[in-house]
Amino acid sequence: MRHDTITEVDSAPSIPKLVINGVSADEQPEEEEGEHDKDSDAGSVYDGSVYGTDSHHDDSSEDLSSKGHLDLQLKYSHLQNRLYVTVKSVQSLVSRDPPNKTNPLVRLYLLPDRSKRTRRVTKELKGTLDGVFNETFEYMLGLDQLRGMQLEAAVKSDHGFSIGRARNRLIGTVVVDLSRKELTEGCDISCELRKFSLTF
């Protein structure tokens, strides 16, 4: 079993080294172009918000209403210097697409680093407003670094490739303040989704 070491940096917090299924991101093979473009913010439609493409739709109360729930599990391992994030399930999603055309997936970022280094994306569920993912992702960094970070989770509906329209439609998002969580003991979180981020 390979053991990675963490070097503490006295100045600014270092960018966390990311691990996917036990392999560091630096050792991952290059993805083919378009492989994970479905989780790009540039391809998202923020309908029902100030970013909406539907100019006739401007109902701020719709932006503030619940878009469903997302269940997460967080656990930090001192032995492995890793934060484990399990995306468990979504329930009662409120989508502007019909249920049979709503294909939810969950995208994660470890803020303040909103880049591919901290981006994680679940598989896509087909045609449902409720579903189970049970996918676990890893971030390798010290617990002291985590105390100044947040986990952003966005639930989107994937439409697949389509010319002339965005691929993903945002359903709802949430931000988890990691400094407020008992990470070493592990915690389960049920997050309410909104068009604009709520902090849990």
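**Strand pairing, core and charged contacts in a predicted model**

The side chain of R120 reaches to within 3.1 Å of a polar partner, the backbone oxygen of E138. This contact belongs to a predicted model, and the account below starts from the residues involved. R120 lies in strand β7, which spans residues 120-121. With a relative accessibility of 4%, R120 falls below the 20% limit and therefore counts as buried. Along the chain, R120 and E138 are 18 residues apart, and their C-alpha atoms are separated by 9.1 Å.

E138 also takes part in a charged pair. A salt bridge joins E138 to R82, with 3.4 Å between the closest N and O atoms. This pair links distant parts of the chain, since E138 belongs to strand β8 and R82 to strand β5, 56 residues apart. Both E138 and R82 are buried. E138 has a further role in the pairing of strands, as the bridge partner of Y84 in β8.

The strands β5 and β8 run antiparallel and are joined by 8 bridges. Strand β5, residues 82-91, also pairs with strand β4, residues 69-77, in the antiparallel sense over 9 bridges. Within this pairing, L72 stands opposite V87 of β5. The hairpin formed by β4 and β5 has 4 residues between the strands, and N81 there adopts a positive phi near 55°. Of the 10 residues of β5, 8 are buried, which means that the strand is largely enclosed by the rest of the structure.

Strand β4 has a further partner in strand β11, residues 187-192; the two run antiparallel and are joined by 6 bridges. Here D71 has S190 of β11 as its bridge partner. Strand β4 is thus described by two pairings, one with β5 and one with β11.

Strand β11 leads to the cysteines. The structure holds 0 disulfides. C187 is in no disulfide, and the nearest cysteine sulfur, that of C191, is 9.6 Å away. C191 is likewise in no disulfide, with the sulfur of C187 as its nearest cysteine sulfur at 9.6 Å. The limit for a disulfide is 2.5 Å between the sulfur atoms, so a distance of 9.6 Å excludes this pair. C187 has a relative accessibility of 15% and so counts as buried. C191, at 0% relative accessibility, counts as buried too.

The nonpolar interior was considered next. In soluble globular proteins, nonpolar side chains tend to be buried together. The largest nonpolar core of the model contains 32 residues, of which L70, L74, V106, L108, L146, L151 and L178 touch the most other members. At least two residues of this core come from each of β4, β5, β6 (104-111), β8 (131-140), α2 (143-146), β9 (150-158), β10 and β11. The surroundings of L108 can be given in detail. Apart from neighbours within four places in sequence, L108 is in contact with V85, V87, T118, R119, R120, F137, Y139, L151, E152 and A153. Among these contacts are R120 and V87, residues already met as the side chain reaching E138 and as the residue opposite L72.

A153 also appears in a polar contact. The side chain of T173 reaches the backbone oxygen of A153 at 3.0 Å. T173 is located in strand β10, residues 168-177. Its relative accessibility is 6%, so T173 counts as buried.

Side chains of opposite charge can pair when their charged atoms come close. The model has a count of 8 salt bridges. One of them is formed by the side chains of E152 and R107, at 2.7 Å from N to O. This pair connects distant parts of the chain, with E152 in strand β9 and R107 in strand β6, 45 residues apart. Both E152 and R107 are buried. A network of salt bridges links R107, R114 and E152. E152 is, in addition, one of the residues in contact with L108.

A salt bridge is also present between the side chains of E124 and K126, at 2.7 Å from N to O. K126 has a relative accessible area of 64%, over the 50% limit, and is therefore exposed. In this respect K126 is exposed, whereas E152 and R107 are both buried, as are E138 and R82.

Note on methods:
Residues are numbered from 1 along each chain as its sequence is written. This is a predicted model: local features need pLDDT of at least 70, side-chain atom pairs count only at pLDDT 80 or more; totals for chains, interfaces and linings use all residues. Side-chain values use heavy atoms; hydrogens and water are left out. Two strands pair if DSSP finds at least two bridges between them. Buried means under 20% relative accessible area, exposed over 50%, partly exposed in between (1.4 Å probe, protein chains only). A polar contact is a pair of N or O atoms within 3.5 Å; within protein, one must be able to donate a hydrogen and the other to accept it, and residues adjacent in sequence count only if both atoms are side-chain atoms. A nonpolar core is a set of buried Ala, Val, Leu, Ile, Met, Phe, Trp, Tyr and Cys residues joined through side-chain atoms within 4.5 Å. Contact means heavy atoms within 4.5 Å. A salt bridge is a side-chain nitrogen of Lys or Arg within 4 Å of a carboxyl oxygen of Asp or Glu.
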